Amino acid sequence: MGDGSVFRRQEQTAAAISRLSAFAVGLEHAALPAAVSDRLPLLVSDLAGVTVAGMRTPELAALVEAWPLPAGAAPLPGTDVVTSPETSARLAAVAACSLELDEGNKYAAGHPAAHVFFAAVAAAQEAGRPVSGDRFLTAVAVGYEVAARFGRATTSGEGWHPHGHWGATGAACAAALLLDATPEQVAAAIDASTGLVHVTPWGTVLDGDFTRNLWIAGANIAGLHAARLALAGLVDNPGTTAHSLGGLVGQLDPESLVGDLGERWLAAEGYLKQHAACSYTHPAIDLVQALLAGGAWRADDVVAVRVRTHSLARPLLGRHPRNRLAAMFSLPFVVATAVVSGTVDPSTMEPGSAAFARAEAFSDRVEVVVDEALDAHLPHLRCTEVRVELADGSVVGLGAPNPLGDAHYFPLGPDEVRAKLERLLGVADAGAVLDAVAALPGAPDARPVLARLALARRATSQVSDR
């Protein structure tokens, strides 16, 4: 590509970012489409509950114990720790993605909500004045939309995992809005955020390297830092995102950033997760559960399980995971867990547990075939088929166009989200999370409401004296 083409692409990117910024700054909560405003409390409840659940894992307890905790008044969800807003945002974001139960969006091919929410919380805490619940929720919704559009517009190069880069744009937008930035400053923050992102190799994830769980946290912090840079007048919007997301990470389509802006909301088209594993494994889990519910067979009756799926799942073909993270990204292991345990949740994915050992022993009976013919249906459909061959010679099988919980395929509603959080947290703590989020709309100040998420302290009580 010649220098002139590069310059034009940078100009186009800058213009698209300016349009996103103007749209974001001019939006009021009352102007949100009903599909978005109705989904927001559900999305935030789900994410907050998953964050508290993640904070209960041994991995997060160890991380919080080792992490420096500067003085501050920002509570860390699920603990009795108070620290600086930035530190709380970083550690909470790590917890949010550590169980692979956080919300995602198939059009963005990633997780916009977890990239945005914690930067928004930190910005509200740093604002130095009341931030209404409606204003906070609007910033989260717009930040989500910006992040999802950058996810949709970015075609990542081979080997790049979708955490930790394009999502920083939504974090920057939400944080800048809550810190009273002008449209020009919001645009500057969005553009600058993409110069502060992580290198995110798929290989790191598949190896089970815990550093992967810090990528979403880093994107939240990148967005927060970019907002501060913009407010200081130290950055503007020259469209350098064209060189970061559009050069290093992959290719960026500026038109996709603003095409159908205000008409279509990707924030209303995400999915909520029921299984503690990568979303590419979810249709196969759903199908195994349906086949178990509809038949008289069990794991001991199985000769082989054959999965046919799309090429997005190609990185997930490894076996014999060494820890929780690697297990959540092994399609054979996840399917084996569904067969031998019936569920794929934090307890059955716990390394060292009897369920983990049973899945490991069974997983060699799982065969996965990537069929590129199914890619023709992406991104709208993530088609998957499962066939179970039994020792008596019979075969049972099913197919699905998407995972359950997709906004367009048996979406989870309030009752299902409550049930999910009750399974993860218990009835009382799930209720506390849901009650806190329910109090956000119309609240004169979101900050004390968000502080109510500091509950369920038993898993991290060992850090309370620091």
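This report describes the nonpolar cores, a helix, a sheet and several individual residues of a predicted model.

## Basis of the description

Because the model is predicted, local features are reported only where pLDDT is at least 70 and side-chain atom pairs only at pLDDT 80 or more, whereas totals for chains, interfaces and linings use all residues. Residues are numbered from 1 along each chain as its sequence is written, and side-chain values use heavy atoms, with hydrogens and water left out.

## Nonpolar cores and helix α6

The largest nonpolar core holds 109 residues, and those touching the most other members are Phe117, Phe118, Phe136, Phe150, Cys173, Leu178 and Leu450. Such a core is a set of buried Ala, Val, Leu, Ile, Met, Phe, Trp, Tyr and Cys residues joined through side-chain atoms within 4.5 Å, where buried means under 20% relative accessible area, exposed means over 50%, and partly exposed lies in between (1.4 Å probe, protein chains only). The greatest contribution to this core, twelve residues, comes from helix α6, residues 133–153; helices (H or I, at least four residues) and strands (E, at least two) are DSSP runs numbered from the N terminus. A second, separate core comprises 41 residues, among them Val205, Cys278, Val305 and Ala400.

Of the 21 residues of α6, 18 are buried, so this helix is largely enclosed by the rest of the structure. At 1.5 Å a residue, α6 should span 30 Å, and its end C-alpha atoms are indeed 30 Å apart, the expected span being 1.5 Å times one less than the number of residues. Phe118, one of the core residues with the most partners, is in contact with Leu47, Thr51, Ala89, Ala92, Ala93, Ala96 and Asn220 when its neighbours within four places in sequence are left aside; contact here means heavy atoms within 4.5 Å.

## The four-stranded sheet

Four strands make up an open sheet of mixed pairing, in the order β6-β5-β7-β8, two strands being paired if DSSP finds at least two bridges between them. The edges are occupied by β6 (366–370) and β8, each with a single partner strand, so one side of each lacks a neighbour in the sheet. The twist averages 15° from one strand to the next, with axes taken as lines fitted to C-alpha atoms (for helices over the stretch in contact) and angles running from 0 to 180 degrees between N-to-C directions.

Strand β7 (residues 384–390) pairs with β8 (residues 395–400) in the antiparallel sense over six bridges, and six bridges also join β7 to β5, again antiparallel. Within the β7–β8 pairing, Arg387 is matched with Gly397, Val388 with Val396 and Glu389 with Val395, while Ala304 also stands opposite Glu389. The two strands β7 and β8 form a hairpin with four residues between them, and Gly393 in the turn has a positive phi of about 90°. Five of the seven residues of β7 are buried, so this strand is largely enclosed by the rest of the structure. Helix α13 (residues 282–294) lies across β5 (302–309), β7 and β8, running at about 40° to β7.

## A buried lysine

Lys273 is placed in the loop between α12 (254–258) and α13, and its relative accessibility of 1% makes it count as buried. The side chain of Lys273 reaches the backbone oxygen of Ala277 at 3.0 Å. Beyond its neighbours within four places in sequence, Lys273 is in contact with Glu100, Leu101, Asp102, His111, Cys278, Ser279, His282 and Lys420.

## Backbone exceptions

Most residues other than glycine have a negative phi, and most peptide bonds are trans. Ala109, in the loop between α4 (85–97) and α5 (112–126), nevertheless has a positive phi of about 55°, and at 30% relative accessibility Ala109 counts as partly exposed. Asp180, in the loop between α7 (168–178) and α8 (183–193), likewise has a positive phi, near 65°, and at 45% relative accessibility Asp180 counts as partly exposed. The peptide bond from Leu378 to Pro379 is cis, with omega near 0°, and Pro379 is found in the loop between β6 and β7.

Conventions:
A polar contact is a pair of N or O atoms within 3.5 Å; within protein, one must be able to donate a hydrogen and the other to accept it, and residues adjacent in sequence count only if both atoms are side-chain atoms.
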